[in-house]
Amino acid sequence: MKGEIVLEARDLSMHFGGVHAVDQVNFALWDNELRCLIGPNGAGKSTFFKCLTGQHVPTHGDVVIRDVHVAGREPHQIARLGVGIKTQVPNVFDGLSVEENIWLSARRWHKAQRAKVLTQETLERLALGDIRSAIVGTLAHGQRQWVELGMVVAAEPWLVLLDEPAAGMTHEEVETTAELIREVNKTATMIVVEHDMQFIRMISNKVTVFHEGRILIEDTMDVISADERVREVYLGHKSQ
Ligand SMILES: Nc1ncnc2c1ncn2[C@@H]1O[C@H](COP(=O)(O)OP(=O)(O)OP(=O)(O)O)[C@@H](O)[C@H]1O
Ligand SMILES: [Mg+2]
């Protein structure tokens, strides 16, 4: 259903000693959205992300995913709700082929027959067919990231959370990644944490800017890039 809030952070805080990495954040994500989270280094993006995925137990507040209160739940319990997660740390099996990696992910959630179909579909959707037999450990950085995205997609999540999916990529790889993310968004609501402003322009219309653990502004990319405060805290940092 369109127009429904599918994920909410309510008064969410995550403190590490005196560091308020996430501080009283209220956030809502609507069905089918492709939302980007941006902000300078240390703004709290990954910490916020980890509170959504179960990697952190928030100090205060709650996360609600389709009416389920998930704060304090384990990552695998959140994944079971149909949430696909790609963290900043790579999570592929280097010794296995592209196809085997994707199959393993599909098989984790589906019967063998269905996993086979999903594996083929995913290889096609993410244009990984040509490298299906390649050993993942031998691939270029960008391709490894796409395999990981394939592993997320093969589980058929309705919600996909990605932390810096284009980090360290060449411009060409970034463009491909933007296309793949738009493809994934056809069947899943998404949150993408990202640094690269050009990349964000390619994929998103609504952007949430974090600064010092709080949401500074939430709007379209056009409004955000013209905003004086954003220029100071984020674009200012970038252009230096
Ligand atoms: N496990 C931790 N223990 C202590 N402090 C932490 C921990 N994780 C993050 N922090 C601190 O919380 C703040 C927010 O960090 P976070 O990694 O969420 O920022 P970020 O916006 O993802 O930055 P980047 O763009 O560099 O990935 C920083 O001051 C960081 O040093
Ligand atoms: Mg981060």
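**Ligand shell, sheet and a helix pair**

Let me begin with the ligand, keeping in mind throughout that this is a predicted model: the residues of the shell around ligand 1 divide into 4 nonpolar, 6 polar and 1 charged. Those residues are F16, V19, A21, G39, N41, G42, A43, G44, K45, S46 and T47. Two elements, β2 (19–30) and α1 (45–53), each supply at least two residues of that shell, and α1 gives the most, with 3 residues.

From α1 we can move to the sheet, which is open, has 6 strands in the order β6-β7-β8-β3-β9-β10, and shows mixed pairing. At its edges lie β6 (83–86) and β10 (214–220), each of which pairs on one side only, and the twist from one strand to the next averages 15°. Helix α1 packs on this sheet, where it touches β3 (34–38), β6, β7, β8 and β9 (206–211), and its direction makes about 150° with that of β7. As for β7 (residues 159–163) itself, this strand pairs with β8 (residues 189–193) in the parallel sense over 5 bridges, and the bridge partner of L161 in β8 is I191.

Finally, I would like to turn to two helices, α5 (residues 141–153) and α6 (residues 171–184), whose axes come within 11 Å and cross at roughly 5°; the two are therefore roughly parallel to each other. On the α5 side, G142, Q145, W146, L149 and V153 meet E173, T177, L180 and V184 in α6, and the residues of this contact divide into 5 nonpolar, 3 polar and 1 charged.

Methods: Residues are numbered from 1 along each chain as its sequence is written. Chains are lettered from A and ligands numbered from 1 in the order in which they are written. This is a predicted model: local features need pLDDT of at least 70, side-chain atom pairs count only at pLDDT 80 or more; totals for chains, interfaces and linings use all residues. A residue is near a molecule or strand if its C-beta atom, placed from the backbone, lies within 6 Å of it. Helices (H or I, at least four residues) and strands (E, at least two) are DSSP runs, numbered from the N terminus. Ala, Val, Leu, Ile, Met, Phe, Trp, Tyr, Cys and Pro count as nonpolar, Asp, Glu, Lys and Arg as charged, and the others, Gly among them, as polar. Axes are lines fitted to C-alpha atoms, for helices over the stretch in contact, and angles run from 0 to 180 degrees between N-to-C directions. Angles under 35 degrees count as roughly parallel, over 145 as roughly antiparallel, 65 to 115 as roughly perpendicular and the rest as oblique. Two residues are in contact if their C-beta atoms, placed from the backbone, lie within 7 Å. Two strands pair if DSSP finds at least two bridges between them.
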